[in-house]
Structure formats: C-alpha cells, structure tokens
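These notes are meant for a colleague who is opening this structure for the first time. They take up the pairing of strands, then the aromatic contacts, and then the enclosed spaces.

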Amino acid sequence: MSHSRFLEIPAAQALNRREMLKGLAGSAITVVVSQSVLGCATTGTPTDTAVDTTSQGGSASTACVLTAALTEGPFFVDEKLNRSDIRSDPVTGAASAGVPLGLTFNVSRVAGSACTPLTGAYLDVWHADASGTYSDVSGMGNGSGGAGHKFLRGYQITDAAGAVQFTSIYPGWYSGRAVHVHFKLRLYAGSSATYEFTSQFFMVESITDTVHANSPYNTRGQRNTMNSTDGIYNSLTTAQKSALTLQTTQTTDGYSGIINLDVNVG
C-alpha cells in the first residue's frame, strides 16, 4: 500500500478564485502557518531536502520532507460528529453513493529528531459527494442540495498508536477545483483548542478518470479543473505536490490510502 506525507511550512498559500470570493463573502477561510510539520523517520533528523522514501506496510520513513499547510476553505462545518464511517447523513440516514474510499491517518509528534505517536488528537475529514456537493452548506458545488445535511463529515480521536481510520467515498468534483479531501488536526485542553493544523490532499488523475467514468459520478460530465490547473495545488512546489497527492491501493470494492501526518506541536 502506498503512503503520502502531509507536512507544513510557515508560508502563505494561494487560494483559487472561487474560494477567495467565498472568503470575502464572509466564509471562514484560514491558512495555518504557525507550526512546522515534518515527515521524519522514527530516529532520523528532519531535513528540508530529502525525498520521502516511505516503504510498504506502514513502516517509518527514512527521510523528512517539508511541505505546506493549505487553506481550510469556506466549507468546513464543525459538526462534532465522532464517527469512522462518514458516508451516512445522520439527518436522513441515507448513505452517500459512490466508490468506497478507506483512509488511515498515522499521526506522530515530532520532538527533536524523534517521531512518536500523537494520541488523543482530534482529526476531522470533509469533502464533496459524487455530485460535487458539500453537506450543510448552501449555494456551493453542484447547487444547495447539501444544506441542512451532514454527510461526508466526521472526526476520530487518535489511538495509542496515533492512528485513526475513516470509511468514505471517492470525492466528486465541482467547478474551479481539482478533486480533493480536506482534513484538520486539533489538540484540546478541556474545551479550548491548543493546536490546529489544516490541509487537504489531492487524487491521482488517472484514478479519478477511472472512478468518474462510472455512476453516479458520470452524471456530472467532464470536470473542468485538473490538478495541473488548480490554483491551490499549483501554489505547491514539485515535492509538496507529490507529498499531497494520495497514492491509493485498489480494494475489492474501491480504494484505500494511508496518510502519515507528523506534526511539531511544541
């Protein structure tokens, strides 16, 4: 199974025109730039030039790569849905149609040259459905069909190994953005957040072509923005693009991928 690293550097990130306009309209758009995130070996020394050489089967990387936090965008809603399977809408009970996508996040705390499992961290995931619609948001994506609903949103708390798992569907597309999935990591002291890291990852175009050729995705027609023409994706360096593109493994009914997220929380 292939792995992707998600890492942060203190640099402002460009928004695409659609998300910028939503932000100017009053939606909450933030860029998290205050903490550094390092993808590093369990006993290695972080570096900003090494290439990620993560091996198969979940073992630690032998190198570290600095990459970027990315905008939250205007579509985050803090639904406080503690669940691993985010496909269903708790309002109606209906499950979002689409190709299953399993996600595992392995979260580690970086301290000096060591990476250790980060336990008790809250990790939210949210993304568009097969029609390009986000839940609980009006007038976006493929219309306002998601308003008042809560599908494809949820969080899990990292376990003793720093891991969380989600069951979702392969995301659809909406105009102006490449296919992507958002995630947010938070630590709390009581009810107060003490740390927050927000980013998003992208999909391999050939896999998206294969998935979107089938129902229910094909009712949307050909997407109009690829990774190569997405403003947020193209704010990244070549190495950062590689780190923020999810490499998936095909399963019996869909796809799965692993995200190794190593953070310096101070």
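1. A convenient place to start is Lys184, which stands opposite Thr198 in E8. Please keep in mind while reading that this is a predicted model. Another pair that can be traced in the same way is Leu187, whose bridge partner in E8 is Tyr195.

2. Strand E7 (180-189) and strand E8 (residues 192-203) pair in the antiparallel sense, and ten bridges hold this pairing. The two strands form a hairpin with two residues between them, and in the turn Gly190 has a positive phi of about 65°.

3. On to the next neighbour of E8: strand E9 (residues 245-246) runs parallel to E8 and is joined to it by two bridges. Met203 takes part here, with Leu246 in E9 as its bridge partner. As general background, strands of a sheet pair through backbone hydrogen bonds, either parallel or antiparallel.

4. How many strands does the open sheet have, and in what order do they come? There are five, in the order E5-E4-E7-E8-E9, and the pairing is mixed. E5 and E9 stand at the edges with a single partner strand each, so one side of each is left without a neighbour in the sheet.

5. Turning to the aromatic residues, a search of the whole structure finds twelve aromatic pairs. One of them is formed by Tyr134 and Tyr174, which meet edge-to-face at 5.6 Å centre to centre, with 75° between the planes. This pair links distant parts of the chain, 40 residues apart: Tyr134 belongs to the loop between strand E4 (122-126) and strand E5 (153-157), while Tyr174 belongs to the loop between strand E6 (163-169) and strand E7 (180-189). Are these two tyrosines, Tyr134 and Tyr174, buried or exposed? Both are buried.

6. Ring pairs also link Phe105, Phe166, Phe183, Phe197 and Phe201 into a cluster. Charged side chains come into contact with rings as well: Lys184, already met opposite Thr198, lies over the face of Phe76 at 4.9 Å from the ring centre, and Arg220 lies over the face of Trp173 at 4.1 Å from the ring centre.

7. The enclosed spaces come next, and the count is two cavities of 30 Å³ or more. The largest cavity has a volume of about 40 Å³, and its lining consists of Phe76, Val77, Glu79, Asp124, Val125, Trp126, Arg153 and Gly154. E4 and E5 each supply at least two residues of this lining, with E4 giving the most, namely three residues. By character the lining residues of the largest cavity divide into four nonpolar, one polar and three charged. Phe76 therefore deserves a second look when the two descriptions are read side by side, as this residue carries Lys184 over its ring face and also helps to line the largest cavity.8. The second largest cavity holds about 30 Å³ of space. Which residues line the second largest cavity? They are Ala128, Tyr134, Gly172, Trp173, Tyr174, Ala178, Val179 and His180, and they divide into six nonpolar, two polar and no charged. The list includes Tyr134 and Tyr174, the two partners of the edge-to-face pair, and also Trp173, whose ring face has Arg220 lying over it.

Key
Residues numbered from 1 in each chain as written. Predicted model: local features only at pLDDT ≥ 70, side-chain atom pairs only at ≥ 80, totals over all residues. Heavy atoms only, no water. Phe/Tyr/Trp six-rings, centres within 6.5 Å; stacked < 30°, edge-to-face > 60°. Helix = DSSP H or I, 4+ residues; strand = E, 2+ residues; numbered from the N terminus. Buried < 20%, exposed > 50% of the residue type's maximum accessible area, 1.4 Å probe, protein only. Lys NZ or Arg CZ within 6 Å of the ring centre and 35° of its normal. 1 Å grid on protein atoms, 1.4 Å probe; cavity = no way out; pocket = protein on both sides within 12 Å on 5 of 7 lines; lining within 4 Å. Points joined across faces, edges and corners; volume = space filled by probe spheres on them. Nonpolar A, V, L, I, M, F, W, Y, C, P; charged D, E, K, R; others polar. Pairing = 2+ DSSP bridges.
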